[in-house]
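Work through the exercises below with the sequence and the 3D view side by side. Try each task before you read its solution.

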Amino acid sequence: WGDDGLKTLVQSTQEAYMVRRDRVVSAAEAHLSDVATWQTPCAGFFFWLKLRTPLEAASLLQSMREHKVLVLAETFCCSERSQYTQHVRISYNHDDMSLIDEGIKRFGELVRQQMAAKQTN
């Protein structure tokens with residue numbers, strides 16, 4: 001590959017992740033702005049959200065299974081797990097970008113359901 005080949009590979013990978021990141025940001029703006037906040041990442045392939053209301057992690061995971069969508073709750077990344085989670089991580093390194101909008105839409109719906117259920121308890 002040499003230096004030029006490596007440089008080309010790195011540049012094309014960066015460009016691909018920027019396109020995916022922008023797709024996630026657009027989907028988040030459309031489907032999550034009422035339930036979460038975020039800062040657009042400048043690198044990598046993870047998009048972290050801060051839910052406006054902490055949710056019970058086990059219930060959130062069960063709801064994600066039912067909606068056939070999965071993001072990683074921060075509590076599963078921590079050595080000391082909490083019952084509640086307020087931060088979640090979305091990965092956008094999947095090749096099929098058509099799934100991004102639908103997945104984030106489903107996640108927004110389930111977060112709204114979880115928040116509504118929490119308010120009624």
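This is a predicted model: local features need pLDDT of at least 70, side-chain atom pairs count only at pLDDT 80 or more, and totals for chains, interfaces and linings use all residues. Residues are numbered from 1 along each chain as its sequence is written, and side-chain values use heavy atoms, with hydrogens and water left out.

**Exercise 1. Describe the overall layout.**

Step 1. Count the elements: the protein has three helices and four strands. Helices (H or I, at least four residues) and strands (E, at least two) are DSSP runs, numbered from the N terminus.

Step 2. Read the order. From the N terminus on, it is α-β-β-α-β-β-α.

Step 3. Take the dimensions. Along the principal axes, the C-alpha atoms fill a box of roughly 60 × 30 × 25 Å.

Step 4. Check burial. Of the 121 residues, 31% count as buried. Buried means under 20% relative accessible area, exposed over 50%, and partly exposed in between (1.4 Å probe, protein chains only).

**Exercise 2. Examine helix α1 and find what covers its buried residues.**

Step 1. Compare the spans. Helix α1 covers residues 2-31 and reaches 43 Å from its first C-alpha to its last, close to the expected 44 Å. The expected span is 1.5 Å times one less than the number of residues.

Step 2. List the buried residues of α1: R20, R21, V24, V25, A27, A28 and H31.

Step 3. Recall the helix rule. An α-helix has 3.6 residues a turn, so residues three or four places apart point the same way.

Step 4. Find the cover. It includes β1 (36-38), β2 (46-56) and α3.

Step 5. Zoom in on R21. R21 counts as buried because its relative accessible area is 15%. Leaving aside neighbours within four places in sequence, R21 is in contact (heavy atoms within 4.5 Å) with T40, P41, C42 and Y92.

**Exercise 3. Is M64 buried or exposed, and which residues does it contact?**

Step 1. Place M64: it is found in helix α2 (residues 57-67).

Step 2. Apply the cut-off. M64 has 1% relative accessibility, so it counts as buried.

Step 3. Look beyond its neighbours within four places in sequence. M64 is in contact with V69, L70, V71, F107 and L110.

**Exercise 4. Map the largest nonpolar core.**

Step 1. Define it. A nonpolar core is a set of buried Ala, Val, Leu, Ile, Met, Phe, Trp, Tyr and Cys residues joined through side-chain atoms within 4.5 Å.

Step 2. Find the hubs. Of the 26 residues in this core, F107 and V111 touch the most other members.

Step 3. Trace the sources. The elements that give two or more residues are α1, β2, α2, β4 and α3. The largest share, six residues, comes from α3.

Step 4. Follow F107. Not counting residues up to four places away in sequence, F107 touches L32, L49, L51, L60, M64, V69, V71 and V88.

**Exercise 5. Characterise the largest pocket.**

Step 1. Define it. On a 1 Å grid over the protein atoms alone, a pocket is an open set of points where a 1.4 Å probe fits, with protein on both sides within 12 Å along at least five of seven lines; lining residues have an atom within 4 Å of a point.

Step 2. Give the volume, the space filled by probe spheres set on the points: about 400 Å³.

Step 3. Inspect the lining. Of its 20 residues, V69, L70, S91, L99 and G103 lie nearest the centre.

Step 4. Name the main contributor. α3 gives the most, with six residues.
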